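Look at the sequence and the fold together. The report below takes them piece by piece.

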Amino acid sequence: MSRTPVTDGTGLTDQSASRRESRVPSLRRRLAAAAALLVAALTALAVPAPAAAEDATPTAPTKVTFVLGIKQDIDSFNPYVGVVASAYEAYQLMYDYLINSSDKDFSPVPGLAESWEASADGKTWTYHIRKGVKWSDGVDLTAKDVVYSFQRAIDGETENGQYGNYVTLVTKVSAPDDNTVVIETSEPSPSMLRLLVPILPEHTWKDVDAKEVATFANTDKPVGSGPFSLVEVQKNQFYRFVANKSYWGGAPKIDELVIRIFADDEALGQALRNGSVDMIQDVSAAVFESLQGAPGITTSDSKYSGFNELAYNLGAQTVENKPIGDGHPALKDKRVRLAIDTAIDRKTLVDKVLRNHGTAATGVIPPIYPNWHWTPGDAARTFDLAKANQMLEDAGYKKGADGIRVGPDGRKLEFRLFGRESSETSKDNVAYIADWLNQVGMKATVSIMSEDQLTAVIGEGKYDMFEWGWVVEPDPDFQLSVFTCDQRSYEDSGEIAAGWSDSFYCDASYDALYKQQKTLLDPAARTAIIKQAQQKLYDEAVYSMLFYYNNFEAYRSDKFTGFTPQPSDGGSLVFQYGVYTYLNVHPVSATSAEKSSNTLWLVIGVAAGVVVLGGILAGVLLLRRRTTADERE
Amino acid sequence: MTATTTATERPGPSGGGARQRRLRAITPTQVARKLLTALGTLAFVVVINFFLFRVIPGDPAKAFSPRGRNADPERLAQLRRDLGLGLPWHEQFWSYLKSLVRGNLGESWGQHRPVTAVVAGYIWPTVLLSGTALVLAAGIGMWLGSRSGWRHGTRFDKLASSSAVTLYSVPEWLLGLVLMVALSGTGLFPVEGGMVDPRSTLPGFLDVAWHMVLPCFCLSVVYIAEYSLIMRSSMLDERYADYLTTARAKGLRDETVMRRHALPNALLPFTTLFFLSMGFVVSGAITVETVFSWPGLGRLTYDALRGPDIPLLQGLFLIFSAAVIVMNLFADLLYPFIDPRVRRS
């Protein structure tokens, strides 16, 4: 709404005023009545189908509802189009996958497939589907539904855009009988143990054609086989799921799960405090710290699968080795990168930027995956500005008159350093790094840009260094693939298209390690290779790893218990690779003290509302009385 | 205002004449002219809206794929064809116009649904919240402003106008945050915001009303200040007008003189402001809706900006502009009925 300057008044004659006299009161009354009607009508309109909502919530006194508060709205319940993390959380609740990840350490455990085996050459995989699993509408779930879901992920344009990376190697999917699925691949791959393709019911999805699927909402009582079913959608407000009491993995211990959306961190914290939600996730450090020690609340500084890095332009080239972009040549020199890496004080970054909610990083696979994580141990590089200066001196980068080092080729060590607009962490990181670079005789010009823009300049190789991060999946294959030669940008009809590489690292021995780990189905042998690959990245300072950050979660431990971390050693409680907390969470005592003081205040609130309404009514009556009195005058 | 100007503004010598004039307060030609002006403005907005979002740098097709990196060129080319990006601008404009006429505002990138469907889901909460706040503020503001203007210099006036000036300068979102923190722990109102409580046992509309109290309060407080200041100043202008002396001389009560004689004349600037704000009802209050997690168009705009979800933003801009234009047209058409001087010019 606008704010307008106070304008000049105007006067009518007494004659016109007196002529209006008799009209004014009745007009006012009509206006008041119209306004009241309008408000009532709008209230009715704004609450979509209250009847439907009541249908979904029969007020049984024993019903247990667990409410999770989050900030990121679910963009779509259609698993072929949603992109945000909260949407994937919903898909996990509504659907099943062939193989799940254990809560202990992410190792593969039976999902819809109760067992599986690979052929000797590792190219043919057979999955045995559970018998007796039913869709939420009572229809039997069979191997045909699995084949349908995979075929759709392979053939459909929208579908493939979403799940393409799980099926790139797949050549054929078939169902010899109702409980067996056979998937054939072009080469052996451990990713066949982590096919995160949701299994959808063919009998309802066959009606959603290739065109419609791009905008299909999937909110009208969607049929699924997961532990929860979606029953109520209040866009950008909350989503209600009811427990599937005949779930093959055991009935969830709560009756209802509500995911409630908040627009503001502070509001999220308040909601947990006053008990209108039972758990919150992904809040700011400030709100998280304010909740520490609050009565009835337990905070969890959970380990997370993400890291942040300082990435370098190692000489941008396309996959055909054609140089592109305008990266600073000195960054191709490993000694310069190692010196920069030595000039970064990770302890300060963890202390000041993360406020201690994280740890200094080394290998590109975070410690949340203990089976794959590599750490240099005593060989770790430590922060030492004097040593960094000496390293540059030894490498022949001498200081010029202005204090900035000059390389043997006569080029000054002046770098562009890019940070991300959307992240305070990123802005803080680049500010610290620029300062340290200054202290070792380099000049970093910081630019803050949007992630979209940064993506574009990385793809074109038009950068020197930037700060960003990755979230790493339980299988290390993808993260390691990012550093292979094949992932560099490529040229297509005169246009540069970006791959996943953001360092343009290309090394034959690294590529060999990557290919080897892909074919090793024996976990121990594969682990050894994966650690070697990480060590190589560390030794060559392809990235300067900054830190692994934590995930903030907090919950009402006075009301609920059974929160299940993944991995068991301090992992996340929700937004896992699985639905462990949702399955296990239950009220602290059988006679749940869930609806505590809230109801009392609700009654008081309603009473206050009645008083206000009464007041308005009285006011209107009074006005009317006065009006008639005026008319009598 | 002097006696001479008021005298020249007498609508007519006899009551009958005035009645006839009122029926012809606005001629069909005038209506047509106003309609055309509004349509012209709307057309201008459509053009601006089209070009504004096309001069933004960057490739919209690349914004589609998450983190933009795994964009397969074939898919990108397909997307560009679907979005009509390869076409010359006049063809793009033509197809944009054609789909506009069909009521198609494109497809939201962030929500994977048609923009019209997305907006339809968010418009009523906003109209409810902003509309209620506007009506409340107008009513209370009118009462406060007219009284403090009429009783100029009294303690009531001093208190009312100084608090109005203070409240006028308070940002709504700050007030919202302060209320949120201050009321937390009392449980009086849902300080965490939202429009409905998933655990509520109340009937739907009561729950909505209960959740609406705080955001509505934040919004109205600022508007009340605005309305009462306007009302007060126009009342001050009327206070010593001759016709009021006449009214008093007739022996009418002071209260009646104010309400029946001074108020209707002082209402004109207030009406202008009211209709202007009506146009802004749909754009809602971005900050208040965000602080209180209210699922309205303001919050939708905030989310769309963060994407950025260009088709959605484009659709929202168009709807917001259209609302202002329509309300201005409405006010234009109504003025001649309220103010005789507009009739004459």
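Is A:N218 buried or exposed? A:N218 is buried, with 25 other C-beta atoms within 10 Å. A residue counts as buried if 20 or more other C-beta atoms lie within 10 Å of its own, as exposed if 12 or fewer do, and as partly exposed in between; the C-beta atoms are placed from the backbone.

## The model and its numbering

This is a predicted model: local features need pLDDT of at least 70, side-chain atom pairs count only at pLDDT 80 or more, and totals for chains, interfaces and linings use all residues. Residues are numbered from 1 along each chain as its sequence is written, while chains are lettered from A and ligands numbered from 1 in the order in which they are written.

The predictor gives the complex an ipTM of 0.75 and a pTM of 0.77.

## Two chains

Chain A has 19 helices and 23 strands. Chain B has 16 helices and 0 strands. Both kinds of element are DSSP runs, numbered from the N terminus: helices are H or I with at least four residues, strands are E with at least two.

Chain A holds 633 residues, and 43% of them are buried. Chain B holds 345 residues, of which 41% are buried. Contacts tell us about the fold too. Two residues are in contact if their C-beta atoms, placed from the backbone, lie within 7 Å. In chain A, take the contacts with a separation of 6 or more: 66% of them join residues 24 or more positions apart. In chain B, 73% of the contacts between residues at least 6 apart in sequence join residues at least 24 apart.

## A four-stranded sheet in chain A

Four strands of chain A form an open sheet in the order β4-β5-β7-β6, with antiparallel pairing. β4 (113–118) and β6 (170–177) of chain A stand at the edges; each has a single partner strand, so one side of each is left without a neighbour in the sheet. Neighbouring strands are turned by 20° against each other on average, direction ignored. Such angles are taken between axes, which are lines fitted to C-alpha atoms (for helices, over the stretch in contact), and they run from 0 to 180 degrees between N-to-C directions.

Now follow the pairs. Two strands pair if DSSP finds at least two bridges between them. β4(A) and β5(A) are joined by 5 bridges, one of which links A:A118 with A:W125. These two strands form a hairpin with 5 residues between them, and A:G122 in the turn has a positive phi of about 75°. β5(A) and β7(A) are joined by 5 bridges, and A:Y127 has A:V181 as its bridge partner. β6(A) and β7(A), residues 180–185, also pair over 5 bridges; here A:D177 is matched with A:T180.

## Two faces of one strand

Which residues of β5(A) point to one face and are buried? They are A:W125, A:Y127 and A:I129. A:T124, A:T126 and A:H128 point to the other face and are not buried. In a regular strand the side chains alternate between the two faces of the sheet.

Helix α5 (residues 143–155) of chain A lies across β5 (124–129), β6 and β7 of chain A. Helix α5 runs at about 165° to β6(A).

## A covered helix

Helix α8 (residues 265–273) of chain A is mostly covered, with 8 of its 9 residues buried. Among them are A:L268, A:G269 and A:L272. The cover includes β1 (65–70), β12 (297–312) and β21 (543–556) of chain A, together with α9 (172–183) of chain B. After α8(A) comes A:G275, with a positive phi near 80°.

## Unusual backbone spots

A:N218 has a positive phi of about 60° although it is not a glycine. A:N218 sits in the loop between α7 (202–205) and β8 (228–234) of chain A. In chain B, B:H112 is not a glycine either, and its phi is positive, near 55°. B:H112 is buried, with 22 other C-beta atoms within 10 Å.

The peptide bond from A:Q566 to A:P567 is cis, with omega near 0°. A:P567 lies in the loop between β22 (560–561) and α18 (580–584) of chain A.

## Confidence in chain B

The pLDDT is the predictor's confidence in each residue, from 0 to 100. Chain B averages 80, and 82% of its residues score at least 70. Residues 1–22 of chain B stay under 50, as do residues 66–70. Where pLDDT is low, the predicted coordinates should not be read in detail.
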